[in-house]
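Got the viewer open? Let's take a short walk through some rings, charges and enclosed space.

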Amino acid sequence: KEKVAITKEQDALMKLIVEAYNKHQIPQDVTKKLLQEQYSTEENFLLLTEIATSQVQVLVEFTKNIPGFLSLDHEDQIALLKGSAVEAMFLRSAQVFSRKMPKGHTEVLEERIRKSGISEEFITPLFNFYKSVGELHMVLEEQALLTAITILTPDRPYVRDQQAVERLQEPMVELLKKLCVLQHPQEPQYFARLLGRLTELRTLNHYHAEMLTSWRVNDHKFTPLLCEIWDVQ
Ligand SMILES: CC(C)NC(=O)n1c(-c2ccccc2)cc2c1CN(S(=O)(=O)c1cccs1)CC2
(Lines give C-alpha, C1' and ligand atoms only; values in the text may rest on other atoms or scores of the structure.)
Protein backbone atom coordinates (compact mmCIF):
# COMPACT_ATOMS: atom_id res chain seq x y z
CA LYS A 1 0.00 0.00 0.00
CA GLU A 2 1.80 3.17 -1.18
CA LYS A 3 2.18 5.86 1.50
CA VAL A 4 -0.23 8.73 0.71
CA ALA A 5 1.48 12.10 1.16
CA ILE A 6 0.48 15.68 0.35
CA THR A 7 3.05 17.32 -1.92
CA LYS A 8 4.39 20.84 -1.23
CA GLU A 9 2.31 22.22 -4.12
CA GLN A 10 -0.83 20.51 -2.83
CA ASP A 11 -0.21 21.90 0.65
CA ALA A 12 0.17 25.40 -0.83
CA LEU A 13 -3.05 25.00 -2.85
CA MET A 14 -4.95 23.76 0.22
CA LYS A 15 -3.71 26.69 2.35
CA LEU A 16 -4.94 29.16 -0.33
CA ILE A 17 -8.38 27.54 -0.54
CA VAL A 18 -8.85 27.29 3.25
CA GLU A 19 -7.64 30.86 3.75
CA ALA A 20 -10.15 32.11 1.17
CA TYR A 21 -12.90 29.96 2.71
CA ASN A 22 -12.18 31.34 6.21
CA LYS A 23 -11.85 34.93 5.02
CA HIS A 24 -15.23 34.85 3.31
CA GLN A 25 -17.66 33.72 6.02
CA ILE A 26 -21.23 34.93 6.43
CA PRO A 27 -21.20 37.57 9.19
CA GLN A 28 -22.33 35.81 12.39
CA ASP A 29 -24.79 38.61 13.21
CA VAL A 30 -26.76 37.80 10.04
CA THR A 31 -27.28 34.13 10.94
CA LYS A 32 -27.66 35.10 14.63
CA LYS A 33 -30.76 37.15 13.70
CA LEU A 34 -32.44 33.88 12.72
CA LEU A 35 -32.09 32.75 16.34
CA GLN A 36 -33.59 35.83 17.96
CA GLU A 37 -37.16 36.67 18.98
CA GLN A 38 -40.23 35.11 17.40
CA TYR A 39 -40.60 36.05 13.70
CA SER A 40 -43.59 35.74 11.40
CA THR A 41 -43.40 33.66 8.23
CA GLU A 42 -42.90 36.87 6.26
CA GLU A 43 -40.05 38.05 8.51
CA ASN A 44 -38.40 34.59 8.39
CA PHE A 45 -38.55 34.73 4.60
CA LEU A 46 -37.03 38.21 4.53
CA LEU A 47 -34.25 37.03 6.89
CA LEU A 48 -33.45 34.06 4.63
CA THR A 49 -33.40 36.45 1.68
CA GLU A 50 -30.92 38.64 3.54
CA ILE A 51 -28.76 35.65 4.55
CA ALA A 52 -28.85 34.15 1.05
CA THR A 53 -27.90 37.52 -0.47
CA SER A 54 -24.92 37.93 1.83
CA GLN A 55 -23.95 34.34 1.00
CA VAL A 56 -23.83 35.13 -2.72
CA GLN A 57 -21.49 38.04 -2.02
CA VAL A 58 -19.32 35.71 0.11
CA LEU A 59 -19.40 33.09 -2.67
CA VAL A 60 -18.16 35.57 -5.30
CA GLU A 61 -15.26 36.66 -3.07
CA PHE A 62 -14.32 33.05 -2.26
CA THR A 63 -14.46 32.10 -5.95
CA LYS A 64 -12.19 34.98 -6.96
CA ASN A 65 -9.59 33.55 -4.55
CA ILE A 66 -9.60 30.09 -6.13
CA PRO A 67 -6.16 29.84 -7.82
CA GLY A 68 -6.56 30.17 -11.59
CA PHE A 69 -10.25 31.17 -11.54
CA LEU A 70 -9.61 34.77 -12.58
CA SER A 71 -7.51 33.63 -15.55
CA LEU A 72 -10.50 31.73 -17.00
CA ASP A 73 -12.51 33.27 -19.85
CA HIS A 74 -14.68 36.01 -18.24
CA GLU A 75 -17.92 34.64 -19.71
CA ASP A 76 -17.01 31.24 -18.27
CA GLN A 77 -16.37 32.79 -14.85
CA ILE A 78 -19.95 34.10 -14.85
CA ALA A 79 -21.33 30.78 -16.14
CA LEU A 80 -19.54 28.88 -13.34
CA LEU A 81 -20.80 31.28 -10.65
CA LYS A 82 -24.39 31.22 -11.87
CA GLY A 83 -24.29 27.46 -12.41
CA SER A 84 -23.02 26.71 -8.91
CA ALA A 85 -24.64 29.46 -6.79
CA VAL A 86 -27.59 27.36 -5.57
CA GLU A 87 -25.44 24.28 -4.87
CA ALA A 88 -22.78 26.35 -3.08
CA MET A 89 -25.50 27.97 -0.99
CA PHE A 90 -27.03 24.67 0.09
CA LEU A 91 -23.59 23.24 0.79
CA ARG A 92 -22.80 26.26 2.94
CA SER A 93 -26.21 26.00 4.64
CA ALA A 94 -25.57 22.35 5.45
CA GLN A 95 -22.17 23.26 6.89
CA VAL A 96 -23.64 26.08 8.98
CA PHE A 97 -26.45 23.77 10.10
CA SER A 98 -24.19 20.87 11.08
CA ARG A 99 -21.87 23.22 13.05
CA LYS A 100 -21.83 22.74 16.82
CA MET A 101 -24.30 25.36 18.05
CA PRO A 102 -25.28 26.20 21.65
CA LYS A 103 -28.06 24.08 23.15
CA GLY A 104 -31.34 24.40 21.28
CA HIS A 105 -30.03 26.78 18.59
CA THR A 106 -30.18 24.14 15.86
CA GLU A 107 -33.83 23.45 16.69
CA VAL A 108 -34.73 27.17 16.61
CA LEU A 109 -32.90 27.56 13.29
CA GLU A 110 -34.72 24.54 11.87
CA GLU A 111 -38.06 25.94 13.11
CA ARG A 112 -37.40 29.33 11.45
CA ILE A 113 -36.51 27.73 8.14
CA ARG A 114 -39.58 25.47 8.28
CA LYS A 115 -41.74 28.55 9.00
CA SER A 116 -40.45 30.75 6.18
CA GLY A 117 -43.00 30.10 3.47
CA ILE A 118 -40.93 27.40 1.79
CA SER A 119 -43.21 24.65 0.49
CA GLU A 120 -43.18 21.32 2.35
CA GLU A 121 -42.02 19.24 -0.63
CA PHE A 122 -38.82 21.29 -0.70
CA ILE A 123 -38.22 21.38 3.06
CA THR A 124 -37.93 17.59 3.32
CA PRO A 125 -35.09 17.08 0.77
CA LEU A 126 -33.40 20.20 2.17
CA PHE A 127 -33.20 18.84 5.71
CA ASN A 128 -32.32 15.36 4.44
CA PHE A 129 -29.35 16.97 2.71
CA TYR A 130 -28.34 18.93 5.83
CA LYS A 131 -28.50 15.68 7.82
CA SER A 132 -26.46 13.67 5.28
CA VAL A 133 -23.76 16.37 5.22
CA GLY A 134 -23.80 16.62 9.03
CA GLU A 135 -23.22 12.87 9.38
CA LEU A 136 -19.93 13.22 7.45
CA HIS A 137 -18.40 15.50 10.13
CA MET A 138 -16.31 17.22 7.45
CA VAL A 139 -13.22 19.10 8.57
CA LEU A 140 -12.75 22.68 7.35
CA GLU A 141 -10.28 21.68 4.58
CA GLU A 142 -12.79 19.20 3.17
CA GLN A 143 -15.60 21.78 3.28
CA ALA A 144 -13.50 24.40 1.50
CA LEU A 145 -12.26 21.98 -1.17
CA LEU A 146 -15.72 20.51 -1.75
CA THR A 147 -17.09 24.04 -2.27
CA ALA A 148 -14.28 24.89 -4.73
CA ILE A 149 -14.86 21.59 -6.58
CA THR A 150 -18.60 22.38 -6.83
CA ILE A 151 -17.88 25.81 -8.30
CA LEU A 152 -15.34 24.38 -10.78
CA THR A 153 -17.80 21.95 -12.36
CA PRO A 154 -16.88 21.98 -16.09
CA ASP A 155 -20.30 20.93 -17.46
CA ARG A 156 -22.35 23.89 -16.24
CA PRO A 157 -24.61 25.48 -18.88
CA TYR A 158 -22.87 27.97 -21.27
CA VAL A 159 -19.30 27.08 -20.20
CA ARG A 160 -17.23 27.29 -23.42
CA ASP A 161 -13.75 26.15 -22.41
CA GLN A 162 -14.62 23.10 -20.27
CA GLN A 163 -11.05 21.76 -20.47
CA ALA A 164 -9.70 24.91 -18.78
CA VAL A 165 -12.16 24.35 -15.89
CA GLU A 166 -11.25 20.64 -15.70
CA ARG A 167 -7.56 21.61 -15.42
CA LEU A 168 -8.46 23.63 -12.29
CA GLN A 169 -10.89 21.13 -10.78
CA GLU A 170 -8.73 18.01 -11.30
CA PRO A 171 -5.94 18.95 -8.82
CA MET A 172 -8.59 19.87 -6.22
CA VAL A 173 -10.29 16.48 -6.57
CA GLU A 174 -6.89 14.72 -6.28
CA LEU A 175 -6.05 16.76 -3.18
CA LEU A 176 -9.46 16.07 -1.58
CA LYS A 177 -9.00 12.35 -2.26
CA LYS A 178 -5.61 12.34 -0.46
CA LEU A 179 -7.03 14.41 2.41
CA CYS A 180 -9.86 11.94 2.92
CA VAL A 181 -7.44 9.01 3.07
CA LEU A 182 -5.28 10.88 5.60
CA GLN A 183 -8.21 12.20 7.70
CA HIS A 184 -10.31 9.02 7.66
CA PRO A 185 -7.86 6.08 7.30
CA GLN A 186 -10.41 3.67 8.76
CA GLU A 187 -13.08 4.73 6.23
CA PRO A 188 -11.81 3.96 2.68
CA GLN A 189 -15.18 4.89 1.14
CA TYR A 190 -15.30 8.32 2.80
CA PHE A 191 -14.12 10.18 -0.34
CA ALA A 192 -16.83 8.45 -2.41
CA ARG A 193 -19.42 9.49 0.20
CA LEU A 194 -18.27 13.13 -0.10
CA LEU A 195 -18.64 13.05 -3.90
CA GLY A 196 -22.05 11.45 -3.40
CA ARG A 197 -23.13 14.62 -1.61
CA LEU A 198 -22.35 16.58 -4.81
CA THR A 199 -24.77 14.35 -6.70
CA GLU A 200 -27.44 14.95 -4.03
CA LEU A 201 -26.71 18.71 -4.32
CA ARG A 202 -27.60 18.67 -8.01
CA THR A 203 -31.08 17.38 -7.18
CA LEU A 204 -31.57 20.43 -4.92
CA ASN A 205 -31.14 22.66 -8.00
CA HIS A 206 -34.33 21.19 -9.35
CA TYR A 207 -36.23 21.70 -6.08
CA HIS A 208 -34.94 25.26 -5.83
CA ALA A 209 -36.18 26.10 -9.32
CA GLU A 210 -39.63 24.70 -8.37
CA MET A 211 -39.56 26.73 -5.16
CA LEU A 212 -38.77 29.95 -7.02
CA THR A 213 -41.78 29.55 -9.29
CA SER A 214 -44.08 28.85 -6.33
CA TRP A 215 -42.77 31.97 -4.55
CA ARG A 216 -43.20 34.14 -7.59
CA VAL A 217 -46.87 33.29 -7.76
CA ASN A 218 -47.20 34.41 -4.11
CA ASP A 219 -45.32 37.58 -5.20
CA HIS A 220 -42.39 37.07 -2.82
CA LYS A 221 -39.71 39.69 -3.44
CA PHE A 222 -36.01 38.79 -3.84
CA THR A 223 -32.99 41.10 -3.86
CA PRO A 224 -31.52 42.22 -7.22
CA LEU A 225 -28.43 40.07 -6.58
CA LEU A 226 -30.50 36.91 -6.01
CA CYS A 227 -32.62 37.71 -9.09
CA GLU A 228 -29.46 38.05 -11.15
CA ILE A 229 -27.72 34.90 -9.91
CA TRP A 230 -30.92 32.82 -10.07
CA ASP A 231 -32.12 34.25 -13.41
CA VAL A 232 -35.54 35.24 -12.02
CA GLN A 233 -37.86 38.20 -12.83
C1 LIG B 1 -26.16 30.30 5.13
C2 LIG B 1 -27.01 30.64 3.91
C3 LIG B 1 -26.34 30.32 2.63
N4 LIG B 1 -28.24 29.87 4.04
C5 LIG B 1 -29.42 30.31 3.58
O6 LIG B 1 -29.53 31.35 2.98
N7 LIG B 1 -30.49 29.45 3.81
C8 LIG B 1 -30.73 28.64 4.88
C9 LIG B 1 -29.95 28.56 6.10
C10 LIG B 1 -29.45 27.34 6.53
C11 LIG B 1 -28.72 27.26 7.70
C12 LIG B 1 -28.46 28.41 8.47
C13 LIG B 1 -28.96 29.64 8.02
C14 LIG B 1 -29.70 29.72 6.85
C15 LIG B 1 -31.89 27.91 4.64
C16 LIG B 1 -32.34 28.27 3.38
C17 LIG B 1 -31.50 29.22 2.90
C18 LIG B 1 -31.72 29.91 1.60
N19 LIG B 1 -32.79 29.35 0.85
S20 LIG B 1 -33.17 30.16 -0.49
O21 LIG B 1 -31.95 30.68 -1.03
O22 LIG B 1 -33.91 29.30 -1.33
C23 LIG B 1 -34.11 31.52 -0.05
C24 LIG B 1 -33.75 32.80 -0.19
C25 LIG B 1 -34.75 33.66 0.24
C26 LIG B 1 -35.83 33.05 0.75
S27 LIG B 1 -35.59 31.39 0.63
C28 LIG B 1 -33.86 28.61 1.45
C29 LIG B 1 -33.50 27.75 2.61
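A charge counts as sitting over a ring if NZ of Lys or CZ of Arg is within 6 Å of the ring centre and within 35 degrees of the ring normal. Keep in mind that this is a predicted model.

With that in hand, select Arg92 and Tyr21: Arg92 lies over the face of the Tyr21 ring, 4.5 Å from its centre. Then jump to Arg114, which sits over the face of Phe127 at 4.4 Å from the ring centre.

Next, the aromatics. There are eight aromatic pairs in the structure. Go back to Tyr21 and add Phe62: the two make an edge-to-face pair, 5.7 Å centre to centre with 80° between the planes. Colour by helix and you'll see this pair link distant parts of the chain, with Tyr21 in helix α1 (residues 8-23) and Phe62 in helix α3, 41 residues apart. Are these partners buried or exposed? Tyr21 is buried, at a relative accessible area of 2%, and Phe62 is buried too, with a value of 2%.

Now pick Phe45, Phe222 and Trp230, which ring pairs join into a cluster.

Last stop: empty space. Three cavities of 30 Å³ or more turn up, and the largest holds about 440 Å³. To find that largest cavity, select Leu48, Ile51, Met89, Ser93 and Tyr130, which lie nearest its centre among the 28 lining residues. Helices giving two or more residues to this lining include α3 (41-64), α4 (74-98) and α9 (190-217). Colour the lining by residue type, and you get 21 nonpolar, six polar and one charged.

Technical notes. Residues are numbered from 1 along each chain as its sequence is written. This is a predicted model: local features need pLDDT of at least 70, side-chain atom pairs count only at pLDDT 80 or more; totals for chains, interfaces and linings use all residues. Side-chain values use heavy atoms; hydrogens and water are left out. On a 1 Å grid over the protein atoms alone, a cavity is a set of points where a 1.4 Å probe fits but cannot get out, and a pocket is an open set with protein on both sides within 12 Å along at least five of seven lines; lining residues have an atom within 4 Å of a point. Grid points are joined across faces, edges and corners, and a volume is the space filled by probe spheres set on the points. Helices (H or I, at least four residues) and strands (E, at least two) are DSSP runs, numbered from the N terminus. Ala, Val, Leu, Ile, Met, Phe, Trp, Tyr, Cys and Pro count as nonpolar, Asp, Glu, Lys and Arg as charged, and the others, Gly among them, as polar. Rings of Phe, Tyr and Trp (its six-membered ring) pair if their centres lie within 6.5 Å; planes under 30 degrees apart count as stacked, over 60 as edge-to-face and the rest as tilted. Buried means under 20% relative accessible area, exposed over 50%, partly exposed in between (1.4 Å probe, protein chains only).
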